[in-house]
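The exercises below concern side-chain packing in a predicted model. Please work through each task with the structure open before reading its solution.

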Amino acid sequence: MTPIPDGVRRDIDRALEARGHAPVESASSVAGGCIHNGARLDGGGDAWFLKWSPKAPAGVFEAEADGLEALRAAAPSGIRVPHVLTWGTAVDGAWLLMEYVAPGPGGRSWHGALGRGLAELHRAGSDAEGGFGWHRDNWIGSLPQGNERHPSWPVFWRDRRIAPQLERARRAGHLTDAPVLDRLVAAIPAALEAVDATPPSLVHGDLWSGNVFPDAAGVPVLIDPAPYRGHGEVDLAMAELFGGFDPGLLAAYREGATDAEGYERVRRPLYQLYYLLVHVNLFGAGYERGARSAARAVVEAVT
């Protein structure tokens, strides 16, 4: 386990004391995560989860706390989101302290529970008046994610999601010989026309298998969000991109829903393209082929 910096440890003890909790008695490593450090903290019978980083961008944990609390407020009974205690910046690192939720065995049934819970979350978090976006920018992994609101979903997806990541990739020398990406950008309004009138829903924003797990009772727990108000299928597309979920998730989400064909042919590859571009920018050229393939699928479907 990476040692918790002394300044972070002192700040956490002060924060716990100010809130009537015992100081930290022990810390143990928690598996997972490739960007920030994580640990379980125990003291006075309480357990907390700590994330910290000596080089986190300013505001990154404040933004994560904001997203977790928004999801927690909107989450239905079938979805759990850890409670955030506080966050801060010490001389030797930024940190975020929240409720520790122990993972459970889950089994196959929790994937269906996740699908139903996501569908309910997207309905409960729907906002026809606020537009697509969020009240603040945040991060997707370690990359900035702009959330300036726009009334049009196709415009938001083109200008706040695909275009910035594509520009970043090309500045780094990736995908410079991929004209299909330029055709894709031009095709986004047509690709998303069918869902442009859909009210914005609160989405997790980064729903891969490492960011959700079952608790001891089999209730899905959402962590590490990159939230905003968008089209709920974004969460489905990310869940399907790298695997790790049972097919029951999609079936449960889709109960009573329509236009699955439009999602599979057009919207899924378009939404997955964003995450593939993010991975190009985080991890390099190994994800370029997937990005080209997703772009090609969308262009061929709408032209």
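**Exercise 1.** Decide whether tryptophan 153 is buried or exposed, and then classify its aromatic pair with phenylalanine 132.

*Solution.* Begin with accessibility: tryptophan 153 has a relative accessibility of 0% and therefore counts as buried, the cut-off for that class being under 20%. Phenylalanine 132, at 3% relative accessibility, counts as buried as well. Turn next to the geometry, where the two rings lie 5.2 Å centre to centre with 45 degrees between their planes, which makes the pair tilted, since only planes over 60 degrees apart count as edge-to-face and those under 30 as stacked. Finally, place the partners: phenylalanine 132 lies in the loop between helix 3 (109-124) and strand 6 (138-140), while tryptophan 153 belongs to helix 4 (residues 153-171), so the pair ties together parts that are 21 residues apart in sequence.

**Exercise 2.** Classify the pair of tryptophan 157 and tyrosine 271, and state which helices it links.

*Solution.* The ring centres are 5.1 Å apart and the planes stand at 70 degrees, so the pair is edge-to-face. Because tryptophan 157 lies in helix 4 and tyrosine 271 in helix 8, the pair ties together parts that are 114 residues apart in sequence. Both residues are buried, and both belong to one aromatic cluster that also includes Phe132, Trp153 and Tyr228.

**Exercise 3.** Identify the ring over which the charged end of arginine 161 sits.

*Solution.* The ring is that of tyrosine 228, with the charged end 4.2 Å from its centre. Tyrosine 228 is also among the residues that tryptophan 157 touches.

Definitions and conventions
Residues are numbered from 1 along each chain as its sequence is written. This is a predicted model: local features need pLDDT of at least 70, side-chain atom pairs count only at pLDDT 80 or more; totals for chains, interfaces and linings use all residues. Side-chain values use heavy atoms; hydrogens and water are left out. Contact means heavy atoms within 4.5 Å. Rings of Phe, Tyr and Trp (its six-membered ring) pair if their centres lie within 6.5 Å; planes under 30 degrees apart count as stacked, over 60 as edge-to-face and the rest as tilted. Helices (H or I, at least four residues) and strands (E, at least two) are DSSP runs, numbered from the N terminus. Buried means under 20% relative accessible area, exposed over 50%, partly exposed in between (1.4 Å probe, protein chains only). A charge sits over a ring if NZ of Lys or CZ of Arg is within 6 Å of the ring centre and within 35 degrees of the ring normal. Lists of a residue's contacts leave out its neighbours within four places in sequence.
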